[in-house]
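Dear colleague,

Please find below the structure that I am handing over to you, with its sequence. A summary of what was found in it follows.

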Amino acid sequence: MRDRYSLVVGVLFVVVIAIAVVNTLGQKDEGTLGLDQLEARWALPEFAVPRAAGRLEGDANLAQDDCETSQTPCPASARREPACRIDTPGAIRVCDFFGRPLVLSFWFSQGGNCVAQQDVVSRVYERYRGRVGFLSVNVRDGRDSVRKTIRRRGWRMPVGYDRDGAVAALYRVGGCPTFAYAYPGGTLQDASIGELTAPQLESHLNALLRATRATRSRKSETARPPRTASDFQSERLKI
């Protein structure tokens, strides 16, 4: 799953975090350096990452389509496997969570109480797991340390490993923890940054569930079904 741009995105992630620290020192209001400023229904970019507790090694697959160029037809030398079409054992594909409302949680150990915040996510996951999908994504921590943390704290929610920070950069993560709340189908409903209590996180999830029900009610006769891996390519943005 290694990406040839891993060094570039790794540096980009470090720069984004540095900017986030400066912004955090200068203001106390919430903000995700862009994630919470995006238009309604922003399509979550596709990605696939190794399961943090597993044995698969490598960087994230961020391919949004099956060609590295815009040429038509695609040259054989530019062919690639899109993130949502891989079937690599031990990989987590974000699109597999698009069948229901989703909360994405990005975290890293340099972020103060970020690890403890995932304990909150874990508790809320146990209560909402039948109604909301959860994907926790660790960014750039040591793999062995992440594995030990998952075992020690007994987390059961899915945890992915963003080794070089590519996914975090793609999602404009500017602080820890960063949460993205998405409608079924993988479009953004809301975003937040900073620590949340369990009741506060549940409030976000309840708002997401209400918004999902309202949307389904308004569009019950015309709504398209949730996207699947077979039909992503016709409507996804190119990265």
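**The central strand pairings and their surroundings**

Strand 3 is mostly covered, since 6 of its 6 residues are buried. The cover extends to both faces of strand 3: L102, L104 and F106 are buried on one side, and V103, S105 and W107 on the other. Please bear in mind throughout that this is a predicted model.

Strand 3, which spans residues 102-107, pairs with strand 4 in the parallel sense over 6 bridges. Among the bridge partners, F106 is matched with V137 of strand 4, and W107 with N138 of strand 4. With strand 6, by contrast, strand 3 pairs in the antiparallel sense, over 5 bridges. In that pairing, A182 of strand 6 is the bridge partner of L102.

**The sheet as a whole**

These strands belong to an open sheet of 5 strands, with the order 5-4-3-6-7 and mixed pairing. Which strands form its edges? They are strand 5 and strand 7 (187-193), each of which pairs on one side only. On average, neighbouring strands of this sheet are turned by 20° against each other, direction ignored. Helix 5 (residues 198-218) packs on the sheet and touches strand 3, strand 4, strand 6 (178-183) and strand 7. The direction of helix 5 makes about 20° with that of strand 6.

**Helix 3**

Helix 3 covers residues 143-153, and its buried residues are R143, V146, R147, T149 and I150. Seen down the axis of helix 3, these buried residues fall within an arc of 160°, so they line one face of the helix. The general geometry helps here: an α-helix has 3.6 residues a turn, so residues three or four places apart point the same way. On the other side of helix 3, D144, R151 and R152 are exposed.

What do the buried residues of helix 3 pack against? Their partners are strand 1 (48-50), helix 2 (114-128), strand 4 (133-139) and strand 5 (159-162). Just after helix 3, G154 takes a positive phi of about 70°.

**Two individual residues**

R93 lies in strand 2, which comprises residues 91-93. Is R93 buried or exposed? Its relative accessibility is 18%, and because buried means under 20%, R93 counts as buried. The side chain of R93 reaches the backbone oxygen of C84 at 2.8 Å.

G130 is found in the loop between helix 2 and strand 4. With a relative accessible area of 60%, G130 is exposed. The C-alpha atoms of G130 and R100 are separated by 9.4 Å, and the two residues are 30 residues apart along the chain.

**Confidence in the model**

The mean pLDDT of the chain is 83, and 76% of its residues reach 70 or more. Two stretches should be noted when you read the model. Over residues 2-31, pLDDT stays under 50, and the model has 37 contacts beyond four places in sequence for them. Over residues 235-239, pLDDT also stays under 50, and there the model has 17 contacts beyond four places in sequence.

With kind regards

Key
Residues numbered from 1 in each chain as written. Predicted model: local features only at pLDDT ≥ 70, side-chain atom pairs only at ≥ 80, totals over all residues. Heavy atoms only, no water. Buried < 20%, exposed > 50% of the residue type's maximum accessible area, 1.4 Å probe, protein only. Helix = DSSP H or I, 4+ residues; strand = E, 2+ residues; numbered from the N terminus. Arc of directions from axis to C-beta. Contact = heavy atoms within 4.5 Å. pLDDT = per-residue confidence, 0-100. Pairing = 2+ DSSP bridges. Axes fitted to C-alpha atoms, helices over the stretch in contact; angles between N-to-C directions. Polar contact = N/O pair within 3.5 Å; in protein donor to acceptor, adjacent residues only side chain to side chain.
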